[in-house]
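Let's take a quick tour of a protein model, looking at its inside and its surface. Have a look at the sequence and structure first.

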Amino acid sequence: MNSLAEPKSWEKVFWPVAAATLLLAVWHYSVRWTATSIFPSPLQVEKGIVELFHKHVLWQDIVSSLRRVVIGFGAATVVGVPLGLSLGWYPAANQVVNPVMQILRPISPIAWIPVAIIFFGVGEYAAIFLIFLGAFFPIVVACVNGVSNVPSVYRRAGRNFGLAPSQLLAKVVFPAALPQIIVGLRLALGIAWLVVVAAEMVAVDSGLGYLVIDSRNSGKRYDLVVAAMLIIGVIGLALDLGIRRLETIKSIRWGFGNGS
Amino acid sequence: MALREVALSPQRALAAKLCVNHLSMVFTRDGKSTPVLQDITLEVSEGEFVCLVGPSGCGKSTLLNAIGGLLAPTAGTVFIDNEAVRGPDPRRIFVFQERGVFPWLTVEGNIAFGLFKLSRSEREERVAHYVKMVGLQGFEEAYPSELSGGMKQRLEVARALAVNPDMLYLDEPFGALDSITRHIMRGELLRIWETERKTIVFVTHDIDEAVQLADRVVILSARPAAIQRIVNIDISHPRDISSPRYLELRDGILQQIGLAHKI
């Protein structure tokens with residue numbers, strides 16, 4: 001297949017399906033040839049998914065995980081966007097805060113688990129706090145960069161038309177930075193979905209993360225473990241596709257690829 | 001000093017729309033100071049079209065930014081209508097290269113950008129008028145990324161004209177356009193200038209462009225820029241760009257800048 005040639009429409013479907021089939025085949029025969037009794041085969045996982053769907057608890061777990069992500073990610077957005085915009089707008093303030101941020105940012109939210117439990121106890125709030133932390137820093141950083149990367153020609157034009165500083169921020173700087181902010185939000189949502197699963201394994205007794213750990217602990221049901229993992233993957237993909245739709249809004253789309 | 005001179009020749013000061021008085025500009029970076037503009041004195045009268053030309057990097061844009069109040073001069077003052085310029089002002093609008101249009105707003109949104117003080121109906125009327133003037137009918141809802149370079153440039157001119165400024169500052173506005181589009185845009189700009197009669201200060205490095213457009217061409221020297229010569233373009237519009245007088249004036253300017261006639 002020539003990499004420059006436009007793939008035919010059947011090829012666009014055929015090759016990804018072939019790759020997935022190959023992976024499933026490797027998985028299936030690995031399980032058979034090693035004759036393992038612990039790790040499930042694809043067929044067992046498929047039965048596991050069906051079993052989970054028939055149990056009422058799966059939907060509750062999905063709703064619990066999504067609720068925590070919505071609250072944690074939402075709070076990170078509500079706090080992070082204004083903070084990031086302000087820091088981008090006042091470089092002096094950013095210079096003060098930036099070193100602290102750069103030290104806190106690379107700390108995995110997982111490392112915060114003990115601290116979160118001290119603050120909030122074992123429970124809902126600790127999990128949400130961890131998601132908040134995971135989402136907060138990418139959002140702030142994206143906003144700071146977004147604001148400082150606004151071309152000076154836009155600011156000058158805004159000032160020229162007599163805009164007060166607050167209007168300049170609302171009508172010029174924010175819309176000009178928005179594509180970069182959206183990229184930060186998308187990154188943060190991905191991290192939030194990673195963190196919720198980890199947080200649910202330790203802090204709470206509901207949600208998809210809990211489902212994974214609970215399936216293992218109560219009878220080593222690895223078919224259900226892998227089934228839950230796949231469900232986590234599919235929902236993560238759906239969240240990403242959902243937030244990517246923001247990039248197609250016309251007043252934002254210019255910042256992505258073939259605009260000017 | 002500037003004030004005294006205005007006082008000495010009140011009539012001249014009154015006649016001039018724009019009065020640049022012994023303007024100097026020194027940029028300081030890393031402890032090194034670079035003089036950019038040297039003692040520029042220039043008067044532009046109401047409704048006049050003046051082009052600033054000079055070798056690239058000489059400080060033409062710096063001079064325009066100082067005139068427009070986006071940069072504070074190191075020495076000297078700029079007066080407009082006998083009032084010292086202290087900052088940007090919506091009565092005097094800059095037009096940059098077409099990258100100055102806001103990509104997150106539609107054509108209508110861009111033109112309406114400076115009209116936030118008007119009522120809705122006045123704003124709509126103004127927008128429709130300028131959409132028509134720059135020939136963007138049918139593109140009202142389009143975003144800049146859907147427009148060609150020439151259309152974006154016309155959009156930026158429309159956005160500037162919509163606030164009804166008395167002056168326009170154009171900073172190499174057609175520099176990024178191809179030569180055919182640039183040619184058309186010059187014609188459009190002249191047509192608009194003849195109907196609206198704004199005072200225009202136009203920075204360009206294209207000498208033909210200057211001679212085709214301007215009433216007077218101000219030739220700046222290499223950095224630090226000083227005014228080398230001011231050339232009156234005494235040809236009426238529409239200008240025949242192969243007439244002997246046109247060629248004479250153009251060649252005179254080329255010679256002044258120190259460019260040979262032959263390539």
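Helices (H or I, at least four residues) are DSSP runs, numbered from the N terminus. With that in hand, A:Y125 sits in helix 6 (residues 124–148) of chain A. This is a predicted model, where local features need pLDDT of at least 70, side-chain atom pairs count only at pLDDT 80 or more, and totals for chains, interfaces and linings use all residues. Residues are numbered from 1 along each chain as its sequence is written, chains are lettered from A and ligands numbered from 1 in the order in which they are written, and side-chain values use heavy atoms, leaving out hydrogens and water.

**On the surface**
- A:Y125 counts as exposed because its relative accessibility is 60%, and exposed means over 50% (1.4 Å probe, protein chains only).
- A:Y125 joins A:I118, A:F119 and A:F120 in a nonpolar patch with about 520 Å² of accessible area together.
- Such a patch takes nonpolar side chains (Val, Leu, Ile, Met, Phe, Trp, Tyr) within 5 Å, from residues with over 30% relative accessible area and no salt bridge, that is, no side-chain nitrogen of Lys or Arg within 4 Å of a carboxyl oxygen of Asp or Glu.
- Accessible areas come from the Shrake-Rupley method with a 1.4 Å probe.
- Helix 5 (residues 113–120) of chain A gives the most to this patch, with three residues.

**On the inside**
- There's one cavity of 30 Å³ or more; on a 1 Å grid, a cavity is a set of points where a 1.4 Å probe fits but cannot get out, and lining residues have an atom within 4 Å of a point.
- The largest cavity has a volume (the space filled by probe spheres set on the points) of about 40 Å³.
- Helix 7 (179–196) of chain B supplies the largest share of the lining, four residues.

Terms used:
On a 1 Å grid over the protein atoms alone, a cavity is a set of points where a 1.4 Å probe fits but cannot get out, and a pocket is an open set with protein on both sides within 12 Å along at least five of seven lines; lining residues have an atom within 4 Å of a point. Helices (H or I, at least four residues) and strands (E, at least two) are DSSP runs, numbered from the N terminus. Patches are made of residues with over 30% relative accessible area and no salt bridge: like charges are joined within 9 Å, nonpolar side chains (Val, Leu, Ile, Met, Phe, Trp, Tyr) within 5 Å. Buried means under 20% relative accessible area, exposed over 50%, partly exposed in between (1.4 Å probe, protein chains only).
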